Amino acid sequence: MNAVLEIKADAVIHNLTYFKSKLHSSTKTLAVVKAFGYGSDAVILSRILQKSKVDYLAVAYIEEGIHLRKEGIRLPILVLHPQSNNLSELIEYHLEPNIYSKKMLIEFLKLAKKQKLVDYPVHLKFNTGLNRLGFHKDEVTNIITIINKEKLIKIQSVFSHLAESDDVSDKRFTLEQINAFIKIKNEVTSLLNYKPIFHLLNTSGIINYPEAQFDMVRLGIGIYGFGNDIKITNKLQNVLTLKSVISQIHTIKKGESVGYNRAFIAESDMKTATISIGHADGISRKLGNNNGYVLVNKKKAFIIGNVCMDMIMVDITTIRCKEGDEVVLFNSQKMIEEIAIKINTIPYEFLTMISQRVKRKII
Ligand SMILES: *Cc1c(COP(=O)(O)O)cnc(C)c1O
């Protein structure tokens with residue numbers, strides 16, 4: 001057996017329930033499962049979330065949505081970042097595009113006309129300050145007028161994205177974004193004879209700006225157990241556990257080296273374990289040379305020398321263990337956050353670094 005990433009279904013449900021308890025009962029939930037479900041497994045996550053009755057799923061790319069459809073996911077799926085080259089596949093798999101630019105709108109309408117679509121569900125994204133994707137607020141009337149001309153597409157939702165919902169030290173920018181979104185909402189509403197879903201908040205938004213929940217929220221990192229705030233994270237359950245095994249144990253004599261470039265030299269006689277997981281699995285080389293550790297029979301064993309592509313070597317001099325024993329790379333949010341800090345990043349990036357070579361297992 002090699003490295004395995006365990007996914008705890010109960011923890012996902014707990015976290016979802018926690019965030020729902022912070023919202024009005026009428027507020028819909030969209031769960032974000034882009035990038036393999038934040039590095040976990042998009043299909044496993046989507047199945048759990050479908051059973052738990054979330055209202056929507058979101059992925060970044062069309063291919064991610066197609067994969068979910070092929071695995072039998074039936075929930076509506078919002079594609080946050082489609083490109084115009086494979087929009088016909090998007091339609092074929094009943095995925096719902098985020099239309100974020102005039103170019104995309106014109107292209108989608110052209111395709112919709114060709115395919116004689118009626119009321120195809122689309123989502124409009126407005127830029128309220130992140131300056132990433134989205135129409136400008138001055139484009140509302142123009143965009144809605146174009147859409148209203150024919151019945152090809154139906155605006156299923158209108159949304160925007162906050163730039164610093166996790167930072168409450170200065171709320172001014174976020175409050176400006178919320179106000180800009182309210183204005184967009186009012187303008188859109190006045191131009192349509194039906195009511196789209198309006199949504200703005202991501203995980204930190206739900207925690208820090210629940211008054212701006214509108215009709216739906218977009219829950220991402222929260223599902224996976226992180227609140228971007230220690231108090232919230234403590235109320236959430238850990239979803240992901242990364243494990244591997246001891247492939248071999250070595251006795252190293254004082255003065256001998258371990259690993260590539262002989263980066264580690266033993267200062268005294270010692271025991272090392274070679275673990276089957278490496279930088280190709282997402283264990284950053286920055287964790288080498290005594291920076292990171294693993295748990296061997298619940299005790300810390302530090303990584304010595306350089307991290308290899310498929311292996312790491314750890315110091316087990318004072319730990320009772322044998323070849324074939326299980327090793328834990330992380331089994332708590334605290335450990336994941338600690339590793340993220342050690343490699344100078346955030347859990348969002350560290351989790352999505354766990355490569356597809358690592359087997360996924362639902363618990
Ligand atoms: C990724 C993403 C989210 C989820 O954000 P979290 O901080 O993980 O909750 C929500 N909305 C959009 C547009 C996103 O791209």
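Visitor: Why are α1 and α3 called oblique to each other?

Guide: In this predicted model, helix α1 (residues 9-21) and helix α3 (residues 42-51) pack at an angle of about 55 degrees. Angles under 35 degrees count as roughly parallel, and 65 to 115 as roughly perpendicular. The value for this pair fits neither range, and therefore α1 and α3 are oblique. Their axes are 10 Å apart, and α1 passes α3 in a right-handed crossing.

Visitor: Which residues make the contact of α1 with α3?

Guide: From α1 come A9, V12, I13 and L16, and from α3 come L45, I48 and L49. By class, that contact has 7 nonpolar residues, no polar and no charged ones.

Visitor: What makes α6 and α7 roughly parallel?

Guide: Helix α6 (residues 102-114) and helix α7 (residues 140-148) pack at about 0 degrees, with their axes 11 Å apart. An angle under 35 degrees counts as roughly parallel, so this pair earns the name. K102, L105 and L109 of α6 touch N142, I143, I146 and I147 of α7. These divide into 5 nonpolar, 1 polar and 1 charged.

Visitor: How do you know that α7 is roughly parallel to α8?

Guide: Their axes cross at roughly 30 degrees and come within 10 Å, where α8 is the helix of residues 172-191. That angle is under the cut-off of 35 degrees, so α7 and α8 are roughly parallel. The crossing is right-handed.

Visitor: Which residues of α7 and α8 meet?

Guide: V140, T141, I144 and N148 in α7 meet I184, E187, V188 and L191 in α8. Sorted by class, the contact has 5 nonpolar residues, 2 polar and 1 charged.

Visitor: Now for the ligand. How many residues surround the ligand?

Guide: There are 13 of them, and the closest are K34, Y38, T203, I221 and Y348.

Visitor: What makes the pairing of K34 with the ligand a polar contact?

Guide: A polar contact is a pair of N or O atoms within 3.5 Å. A polar side-chain atom of K34 lies 2.7 Å from an oxygen atom of the ligand, so this pair is inside the cut-off and counts.

Visitor: How do you know that R218 and G220 make polar contacts with the ligand too?

Guide: Set each distance against that cut-off of 3.5 Å. For R218, a polar side-chain atom is 2.8 Å from a nitrogen atom of the ligand. For G220, a polar backbone atom is 3.0 Å from an oxygen atom of the ligand. Both pairs are within the limit, so both are polar contacts.

Methods:
Residues numbered from 1 in each chain as written. Predicted model: local features only at pLDDT ≥ 70, side-chain atom pairs only at ≥ 80, totals over all residues. Heavy atoms only, no water. Axes fitted to C-alpha atoms, helices over the stretch in contact; angles between N-to-C directions. Helix = DSSP H or I, 4+ residues; strand = E, 2+ residues; numbered from the N terminus. Parallel < 35°, antiparallel > 145°, perpendicular 65-115°, else oblique. Left-handed = near helix turned anticlockwise from the far one by under 90°. Contact = heavy atoms within 4.5 Å. Nonpolar A, V, L, I, M, F, W, Y, C, P; charged D, E, K, R; others polar. Near = heavy atom within 4 Å. Polar contact = N/O pair within 3.5 Å; in protein donor to acceptor, adjacent residues only side chain to side chain.
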